[in-house]
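Got a new structure on your screen and not sure where to look? Let's walk around it with a few questions and answers.

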Amino acid sequence: MANLFSSSIGRKFLMSISGLFLILFLIVHLTANSFLILDWAFGTETGQMFNAASHFMATNPLIKVVEPVLALGFAVHIIYSLIISFQNLRARGNQKYQSGNNTQGVEWASKNMLVLGIAIFAFLAIHIYDFYLKMRGYRPWHPAEVEFPFFGLTATGENAYTLVNDTFSHLWVVIVYVIGSVALAFHLAHGFWSAFQTIGWNNTLWLKRLRVISLVIAWIIGGGFSVIAVAQYLFF
Ligand code: HEM
């Protein structure tokens, strides 16, 4: 057990498992956020589907259990990625300057995972400040109460849609979100298949397939968040 936290392969394993867990969270988060632009497709009033999804997140007891686990997932991923990156830098010594970022056959993203991770972390700090702290009552926010359909009934809850819609009415915010989401896409394009490789998926044919699956998932996630932010700015 101690080996898991102190050995190099144990740390990489923890980073991979926490990374895959965070990808799962991102898929759920993107699905919930897609309701921001899908009302027209389902014929519901603008904002109703997102308000229902937000209400579900705020009132479901399971989400209260998942939130600390999510925070732990982020903490493990960030702490171990920093430890591993600095160990690698130290082990390489001066050689890091000789190899540069253009070594043939090595993807750009795989050589810039730490930089991409730091950019995503900076984005996340802004994001949590903008939304999470307000919606959880840590920053002032006075939403109007609205009604929306909720599992066949009518529920009343805060108008979370207006918070997102107001936030994305500023061009600079949309630009920050697009940059953050593109950094995320590059990070995942390498991180996803690399995590599978670390946990023992060494089959050559499957590693090739996983690289393609990685690219698709990475750009659905990164592209999806970007499209939502841009669409909110332009059309809503
Ligand atoms: C269009 C882009 C996005 C929108 C509109 C959006 C919206 C939101 C909202 C409204 C919340 C608060 C939820 C609540 O407190 O009930 C939230 C929380 C959060 N978001 Fe995002 N988000 C976006 C992109 C991202 C991205 C790219 C990431 C990760 C890199 C991310 C990670 C998180 C995390 C970790 C939380 C806190 C945990 C949670 O409340 O579930 N979000 N987001």
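A quick word before starting: helices here are DSSP runs of H or I with at least four residues, numbered from the N terminus. Also, keep in mind that this is a predicted model.

Q: In which helix is the place of D130?
A: Helix α7 covers residues 113–135. D130 has its place in that run, so the helix to look for, with helices numbered from the N terminus, is α7.

Q: Is D130 buried, exposed or partly exposed?
A: Count the other C-beta atoms within 10 Å of D130, and you get 18. Buried would take 20 or more, and exposed would take 12 or fewer. The count of 18 falls in between, so D130 is partly exposed.

Q: How far apart in space are D130 and V164, C-alpha to C-alpha?
A: Along the sequence, D130 and V164 are 34 residues apart. In space, going from C-alpha to C-alpha, the distance between D130 and V164 is 8.9 Å.

Q: Is V69 buried or exposed?
A: V69 sits in helix α4, which spans residues 61–92. Around V69 there are 10 other C-beta atoms within 10 Å. A residue with 12 or fewer counts as exposed, so V69 is exposed.

Q: How far apart in space are V69 and T44, C-alpha to C-alpha?
A: In sequence, V69 and T44 are 25 residues apart. Their C-alpha atoms are separated in space by 33 Å.

Q: On which residue is the kink in α7 centred?
A: From its first C-alpha to its last, α7 reaches 31 Å, close to the 33 Å expected for its 23 residues. Even so, there is a bend of about 40° along the way. The residue at the centre of that kink is I128.

Q: Which residue just after α7 takes a positive phi?
A: Look just past the end of α7, which closes at residue 135. The positive phi there is about 85°, and the residue that takes it is G137.

Q: Which element gives the largest share of the shell around the ligand?
A: There are 23 residues around the ligand, and F131, M135, F225, I228 and A229 come nearest. Elements giving two or more residues to this shell are α2, α3, α7, α9 and α10. By class, the shell has 16 nonpolar, 6 polar and 1 charged residues. The largest share, 7 residues, comes from α7.

Q: Which element gives the largest share of the largest nonpolar core?
A: This core has 30 residues, and those with the most contacts inside it are F50, A185 and L188. Two or more residues come from each of α2, α3, α8, α9 and α10. The largest share, 12 residues, belongs to α9.

Q: How many bridges join β1 to β2?
A: The two strands form a hairpin with 2 residues between them, and F151 in the turn has a positive phi of about 50°. Across the pair, P149 stands opposite T154. The strands run antiparallel, and the number of bridges joining them is 6.

Q: How many of the residues in β2 are buried?
A: Strand β2 covers residues 153–158, which makes 6 residues, and it is hardly covered. The number of buried residues in β2 is 0.

Q: What share of the chain do buried residues make up?
A: The chain has 10 helices and 2 strands, and its C-alpha atoms fill a box of roughly 60 × 40 × 35 Å along the principal axes. Of its 236 residues, the buried share is 22%.

Technical notes: Residues are numbered from 1 along each chain as its sequence is written. This is a predicted model: local features need pLDDT of at least 70, side-chain atom pairs count only at pLDDT 80 or more; totals for chains, interfaces and linings use all residues. Two strands pair if DSSP finds at least two bridges between them. The expected span of a helix is 1.5 Å times one less than its number of residues. The bend at a residue is the angle between axes fitted to the seven residues ending there and the seven starting there. A residue is near a molecule or strand if its C-beta atom, placed from the backbone, lies within 6 Å of it. Ala, Val, Leu, Ile, Met, Phe, Trp, Tyr, Cys and Pro count as nonpolar, Asp, Glu, Lys and Arg as charged, and the others, Gly among them, as polar. A nonpolar core is a set of buried Ala, Val, Leu, Ile, Met, Phe, Trp, Tyr and Cys residues joined through C-beta atoms within 7 Å.
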